[in-house]
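Hi,

Here is the model I said I'd pass on. Have a look at it first, and my notes follow below.

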Amino acid sequence: MIILNSIRLYEVVINVMFFSLNLGVLICIECSGIHRGLGVQLSQVRSLTLDALSEEQIEMLRDVGNAAANQIYEAELDAEKTLSTHAQRKEFISQKYQDLTFTASQFYDTIIESRKTGSQKTLAAVQKMVKRETPSPTKSIQSDNVSH
């Protein structure tokens with residue numbers, strides 16, 4: 001069972017196998033299917049083990065990461081949620097990335113603009129700004145804090 005508490009989503013994962021290329025976050029296998037259902041304009045899912053990663057993709061995972069993405073996409077989330085079923089996860093992921101229900105207001109326009117232009121660099125720049133405000137003790141792309 002996954003519990004959403006405050007602005008962070010925690011899940012114990014032994015092997016994170018997927019990531020969203022344009023969001024710069026690590027995701028579990030179940031959530032990778034949900035992300036694929038959103039369409040590539042919102043979340044481009046890649047496998048960490050099956051797909052070849054470019055240096056730019058590896059750099060994005062290091063620079064952005066789940067903590068920064070959650071600061072953007074879960075900034076307005078104040079309720080505790082239980083996400084134990086597939087339907088609950090699907091609804092939450094749709095609200096989070098498609099509807100931008102919990103997105104920080106200062107980033108909303110930038111995210112909408114990046115969707116219109118198809119530019120991943122705009123969104124990555126916003127995520128990097130948040131990342132700089134919250135220093136990470138390591139630059140590893142391995143994480144127990146998995147986005148959904």
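Helix H4 (helices being DSSP runs of H or I, at least four residues, numbered from the N terminus) has 13 residues and spans 17 Å from its first C-alpha to its last. That is close to the 18 Å expected, taking 1.5 Å times one less than the number of residues. Bear in mind that this is a predicted model, where local features need pLDDT of at least 70, side-chain atom pairs need 80 or more, and totals for chains, interfaces and linings use all residues. Numbering runs from 1 along each chain as its sequence is written, and side-chain values use heavy atoms, without hydrogens or water.

Several H4 residues are buried, including Arg89, Phe92, Ile93 and Tyr97 (buried is under 20% relative accessible area, exposed over 50%, partly exposed in between, with a 1.4 Å probe and protein chains only). After H4 comes Leu100, with a positive phi near 60°.

There are two aromatic pairs (Phe, Tyr or six-membered Trp rings with centres within 6.5 Å; stacked under 30 degrees, edge-to-face over 60, tilted for the rest). Phe92 and Phe102 have ring centres 5.6 Å apart and planes at 25°, so they are stacked. The pair joins H4 (residues 86–98) to the loop before H5 (105–117), ten residues apart. Both Phe92 and Phe102 are buried.

As for disulfides (cysteine sulfurs within 2.5 Å), the search found zero. The nearest cysteine sulfur to Cys28 is that of Cys31, 3.5 Å away. Cys28 is buried at 7% relative accessible area, and Cys31 is buried at 0%.

Cheers

Note on methods
Helix = DSSP H or I, 4+ residues; strand = E, 2+ residues; numbered from the N terminus.
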